[in-house]
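Reader: Hey, could you walk me through one part of this model up close? I'd like to hear about the sheet, what packs on it, and any ring pairs that link up with that area.

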Amino acid sequence: MAGDGRGVKAKPRTPGKRLLGLLVAVAAVHLVACPYTKVEESFSLQAVHDLLFHRLEVERYDHLEFPGVVPRTFLGPLVIAVLSSPAVCLLSLLGSSKFYSQLIVRAVLGLGVVSGLWTLQKEVRRQFGATAATMFCWVTATQFHLMFYCTRTLPNVLALPVALLALTAWLQRRWARFIRLSALAILAFRAELSLLLGLMLLLLLGARRLTVAKALRCAVPAGLLCLGLTVAVDSCFWRYLVWPEGAVLWYNVVQNKSSNWGTSPLLWYFYSALPRGLGGSLLFVPLGLSDRRALALLAPALGFVALYSLLPHKELRFVIYVFPLLNAVAARGCAHLLNNYRKSWLYRVGSLLVVGHLVVNAAYSATALYVSHFNYPGGVAMQRLHELVPPQTDVVLHIDVAAAQTGVSRFLEVNGAWRYEKREDLQPGSERMLAYTHLLVEAAPEHLALYRDTHRVLARVAGTTGVSLNLTRLPPFNVNLQTKLVLLERLLRPS
């Protein structure tokens, strides 16, 4: 009845929705600040582009011209393409640039990772309490690498949503679901997950929560199904019989050819990758062990990192799967301090440290994101080309390796009347290079000298070379930039 004050109250906005919004917003900031991609992301990104725009015309797909050193699976790109297609079709109908489709594709992947993190957060809440779940979200949101990578079409990131669901199933003691998701993650996406998920399975067997017979009854059919799925799908796209992750495993582990791309010391993950990935939250991981249940998360995570350290070639993204596990342990440690802050001054100091470390993490993330913004000169150069050259101009562009590795993708080929080529068998200054109307080349003086009489400079694109301390300004550092790429336009048609 009106005026009696007994009307239905509006349902308050739950803290959970705000925390989910926090994760989505931070991922979106990273995406918008660094909208371009690097060479490591190129296969999956180009594959999604080709699935969306070339569809059944497989002969036009990028991977057939530039296959890379090992084949990669199309399962991840297929899922992303299906989920992205409604928004991409709408953008196409509106006549929007394909560049915005690239953002849509990366946003879909980011939402998949955030969804996996949110599912894991729910289990953290169930097992460790609301404060730990809240801290899990804040710790994750303020760290740089996990949020930065979550929208990037790296093979590790494509595997991450499946791995997160498997980890959550393990915590929920849903063993059959855990085994099936593990089979998919390992056989279709990233074989190294057999170390992490295998250790977690061994813990179950050792604690007699699961028998070997039951595990095999679930693992064998799941493994055969996932293996058959990836072989069937990927053989169609690669046009020969192939199990991509098997080929990757053979290349990286048996042949150890991944070390051709650089090596790092044995303990590099422990003294470099984990501290950078976790930031100040690493300090609260030991405190999280005050709850013995957290040890079940920490042991397989550290075991995985230790085993994976045996491979000489190391990159931070290779161990990104353990960050959520370690964040859950750190969040439990933070929650222990916050829940007891009234008991003594030590707990109050500890609570201040919890809040302070989030500020430090956020400051580091903002700095790293700002620096990373300048790390994609190839993408910037493509944007400049389309701004400087009228769309009706007859353009045949050659993109060199340096540009292709630092931001160029098929999504940036926005003018359907232009030709974009990335041939790698042409010599600088050769007659075939002079046949192109425009060149996007590395800013190497010896190469630019070859075009002094035949081309003019349309644009010079800078990239970062590092950071230097500068205490006279805020923030107290300078981003050191230098010209990385040059966009050239032909003056006269060669005789």
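Author: Here is a look at the sheet, followed by the helices across it and then some rings.

Before we dig in, this is a predicted model, where local features need pLDDT of at least 70, side-chain atom pairs count only at pLDDT 80 or more, and totals for chains, interfaces and linings use all residues. Residues are numbered from 1 along each chain as its sequence is written, and side-chain values use heavy atoms, with hydrogens and water left out.

Okay, the sheet. It's an open one with five strands in the order 2-1-3-5-4, and the pairing is mixed. Strands here are DSSP runs of E with at least two residues, helices are runs of H or I with at least four residues, and both are numbered from the N terminus. Two strands pair if DSSP finds at least two bridges between them. As a bit of background, strands of a sheet pair through backbone hydrogen bonds, either parallel or antiparallel.

At the edges you'll find strand 2 (419–421) and strand 4 (455–469); each has a single partner strand, so one side of each has no neighbour in the sheet. Ignoring direction, neighbouring strands are turned by 20° against each other on average. For angles like these, axes are lines fitted to C-alpha atoms (for helices, over the stretch in contact), and the angles run from 0 to 180 degrees between N-to-C directions.

Now zoom in on strand 3 (residues 438–442), which runs parallel to strand 1 (residues 396–399) and is joined to it by three bridges. His 398 has Leu 439 as its bridge partner in strand 3, while Ile 399 stands opposite Leu 440. Leu 440 also has a bridge partner in strand 5, namely Leu 487. Strand 3 and strand 5 pair over five bridges, in the antiparallel sense. Four of the five residues in strand 3 are buried, so this strand is mostly covered (buried means under 20% relative accessible area, exposed over 50% and partly exposed in between, with a 1.4 Å probe and protein chains only).

What lies across the sheet? Helix 18 (residues 377–388) lies across strand 1, strand 2, strand 3, strand 4 and strand 5, and runs at about 150° to strand 4. Helix 17 lies across strand 4 and strand 5 (477–490), at about 20° to strand 5. Contact, by the way, means heavy atoms within 4.5 Å.

Helix 17 also brings us to the rings. Rings of Phe, Tyr and Trp (its six-membered ring) pair if their centres lie within 6.5 Å; planes under 30 degrees apart count as stacked, over 60 as edge-to-face and the rest as tilted. That rule gives 21 aromatic pairs. In one of them, the ring centres of Phe 144 and Tyr 364 are 6.4 Å apart with the planes at 85°, so the pair is edge-to-face. Phe 144 belongs to helix 7 (residues 144–149) and Tyr 364 to helix 17 (residues 345–372), so the pair ties together parts 220 residues apart in sequence. Phe 144 is buried, at 6% relative accessibility, whereas Tyr 364 is partly exposed, at 39%.
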